[in-house]
Amino acid sequence: MTTRKRKTDDAMDQWTLRLYIAGQTPKSIAAIANLKKFCADYLDERYTIEIIDLKQDPKLARRDDIVAIPTLVRKLPVPVRKIIGDLSSTDRVLVGFDMRPRVIGGDGD
Amino acid sequence: MTELPIARNPRRRTTDLAERVREHESLVRALQGGEVDAVVVLEPDGAKLQHLTTDEPLYRTIVDTLPQGVATVLADGTITYINQHLADSIGMPPATLLGANLAGYVATGDVATFVDTLHAALDAPQEVGMTFLWAHGEGPVLVSASRLPVDGVDALGLVIVDLRDRLARTAAEEESRSKDELLASVSHEMRTPLTSIMGWVQLIEFELGSDHHLGDAIRNLKNAVLAEAKIVDDLLDLARAEKGSLSIVTREFDLCESLRNAASYVNQQAQAKSLALHCELPGEPVIVRGDPDRLRQVFVNLLSNALKFTDAGSIHVRCGIDDAYATIEVTDSGIGIKADYLPMVFEPFWRSERAKPYPGLGIGLAITRRLVEAHGGTIAVSSDGPGRGATFTVKVPLA
């Protein structure tokens, strides 16, 4: 994992993140751990994380049109962005949140 | 490979489309990379989760390593799963026990009831329990059996708890509790007559007048009663602390006040032993939230302790602020503490060999620690060794 910290304008705003998981599954646990690490490395405490366990109430998936678990939703700053998966690739999270330019022709990792 | 910034189209429709493409890309990547463990299946009146991977491995690990016996069996007692703890109780590896009949390891006298219990559990709406001994003679153990939701198969989940540990623990807790109760009631019974003696002594003192030839005798009697009352009060406090019912009335106050108060209280004692008592207090008030009387008691205990174990030299009291804490240090030049004994000094009734010639029961520091902890603070002790004094450091959160 890179320790390079790339601050963008986005990183200066307050971030509101919502992570959808499904019980104590390995990917859900990994997603929580990876999200906490990402926030600690890139967001300097300017964030709130809400974790929603769809195992308790699958209907909540409709709220953010969730199709797969785990999914991370960035509610703020706009635009709303979704990243599906266990967030194990920090690069993909950075690209997904426009914190790093997309690489055309590569796999983005 | 070319790097391009994200194309931002001012027209909203295109932006929405781009977002959706992004999202689909993200889904495909996550699915291909095995990062997804469930998908959401929408239904007319809600949604459900379709798990691609299961959470079984995690629960399995928890059950495998649980320090209680767990097994699943068929209606006749055939073991379909057994955890390590239960296998250890029986004395065989789990792999050997798989497929064996659990009833075969139950003491002969208990087998019939054990088999009946399994059958009863199949039809019971909730778990059914019994106690039995193992065939190798150990136990008793408590089994509780409940029907498992497995289609077309009569299966049971068993939780087996060893009652020996529990019985032993209950006996130990009972013994400890009765000791605390004895301590509390004895201390209380001792305190009542002391109050009465003190009342009569004061009456005699008043009647005779201070210049009576028995004046010294009366003063000595009073001091002896006060000393006795202090010991009994300490015992009562210790008994209350053990029960978790120390009374603490909190408010915001200046800690320096308490320190000055405690220092002047023990000053006479210091003068009697020709010891210098130095206080270094900050000019500003140090405001904490706590019980001023109880914290004064902490400082009186620490200062009395320092004075008791110091025959020459001086006692230093320092108060400062360290982050969110008020830090108070009481340093003496007394008999010091061996490094091995440092962890024991706050234990009730503990006294080192070298402390034996000095009066006391060994409860002052035990109470002190409990009082400090009741304030959300900490207390620590350090010493350079025998004959080289000791320092007690108290930290109490600032208000």
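Where in chain B is B:Arg22 found? The first close-up has the answer, and the other views then visit more places in this predicted model.

**View 1. B:Arg22 reaches from chain B to a residue of chain A.** B:Arg22 is found in helix H1 of chain B, which covers residues 12–32. Follow its side chain outwards and you come to the backbone oxygen of A:Gly96, at 3.2 Å. Is B:Arg22 buried or exposed? With a relative accessible area of 12%, B:Arg22 is buried, because buried residues are those under 20%.

**View 2. B:Asp162 makes a polar contact with B:Arg164.** Look for B:Asp162 in strand S8 of chain B, residues 155–162. Its side chain and the side chain of B:Arg164 form a polar contact of 2.8 Å. Leaving aside neighbours within four places in sequence, the residues in contact with B:Asp162 are B:Gln68, B:Pro140 and B:Val141. B:Asp162 has a relative accessible area of 18%, so it counts as buried.

**View 3. A cis peptide bond joins B:Gly139 and B:Pro140.** Here we meet B:Pro140 again, one of the residues in contact with B:Asp162. Omega for the bond between B:Gly139 and B:Pro140 is about 5°. Most peptide bonds are trans, so a cis bond is worth a pause. B:Pro140 is found in the loop between strand S6 (128–132) and strand S7 (141–147) of chain B.

**View 4. One loop of chain A holds both A:Pro77 and A:Val78.** The peptide bond leading from A:Leu76 to A:Pro77 is cis, and its omega is near -5°. The loop in question runs between strand S4 (71–76) and strand S5 (81–84) of chain A. A:Val78 is exposed, with a relative accessible area of 61%. Together, A:Leu76, A:Val78 and A:Val80 make a nonpolar surface patch of about 260 Å².

**View 5. A salt bridge brings A:Asp64 and A:Arg18 together.** The side chains of these two residues meet at 2.8 Å, N to O. This pair links distant parts of the chain, 46 residues apart: A:Arg18 sits in strand S1 (residues 15–21), and A:Asp64 in the loop between strand S2 (47–53) and strand S3 (68–69) of chain A. Both A:Asp64 and A:Arg18 are buried.

**View 6. Two salt bridges in chain B involve B:Glu280 with B:Arg318 and B:Asp322 with B:Lys395.** How many salt bridges are there over all chains? A search of the whole structure finds 26. In the pair B:Glu280 and B:Arg318, the closest N and O atoms are 3.7 Å apart. B:Glu280 lies in strand S10 (residues 276–280) and B:Arg318 in strand S12 (residues 314–322), so this salt bridge ties together parts of chain B that are 38 residues apart in sequence. B:Glu280 is partly exposed, with a relative accessible area of 43%, and B:Arg318 is partly exposed at 29%. For B:Asp322 and B:Lys395, the closest N and O atoms are 2.7 Å apart. B:Asp322 is in strand S12 and B:Lys395 in strand S15 (residues 390–397), so the pair ties together parts of chain B that are 73 residues apart in sequence. Both ends are partly exposed: B:Asp322 at 36% and B:Lys395 at 25%.

**View 7. B:Cys256 is in no disulfide.** Over all chains, the structure holds zero disulfides. The cysteine sulfur nearest to that of B:Cys256 belongs to B:Cys319, 4.5 Å away. Why is this pair not a disulfide? The two sulfur atoms would have to be within 2.5 Å, and they are 4.5 Å apart, so the pair does not count. B:Cys256 is buried, with a relative accessible area of 1%.

**View 8. A:Glu45 and B:Asp323 each have a positive phi.** Most residues other than glycine have a negative phi. For A:Glu45, phi is about 70°, and this residue lies in the loop between helix H2 (26–42) and S2 of chain A. For B:Asp323, phi is near 55°, and its place is the loop between S12 and strand S13 (325–332) of chain B. A:Glu45 is exposed, with a relative accessible area of 73%, and B:Asp323 counts as exposed at 73%.

Key:
Residues are numbered from 1 along each chain as its sequence is written. Chains are lettered from A and ligands numbered from 1 in the order in which they are written. This is a predicted model: local features need pLDDT of at least 70, side-chain atom pairs count only at pLDDT 80 or more; totals for chains, interfaces and linings use all residues. Side-chain values use heavy atoms; hydrogens and water are left out. Helices (H or I, at least four residues) and strands (E, at least two) are DSSP runs, numbered from the N terminus. Buried means under 20% relative accessible area, exposed over 50%, partly exposed in between (1.4 Å probe, protein chains only). A polar contact is a pair of N or O atoms within 3.5 Å; within protein, one must be able to donate a hydrogen and the other to accept it, and residues adjacent in sequence count only if both atoms are side-chain atoms. Contact means heavy atoms within 4.5 Å. Patches are made of residues with over 30% relative accessible area and no salt bridge: like charges are joined within 9 Å, nonpolar side chains (Val, Leu, Ile, Met, Phe, Trp, Tyr) within 5 Å. Accessible areas come from the Shrake-Rupley method with a 1.4 Å probe; for residues, only the protein chains shown count as cover. A salt bridge is a side-chain nitrogen of Lys or Arg within 4 Å of a carboxyl oxygen of Asp or Glu.
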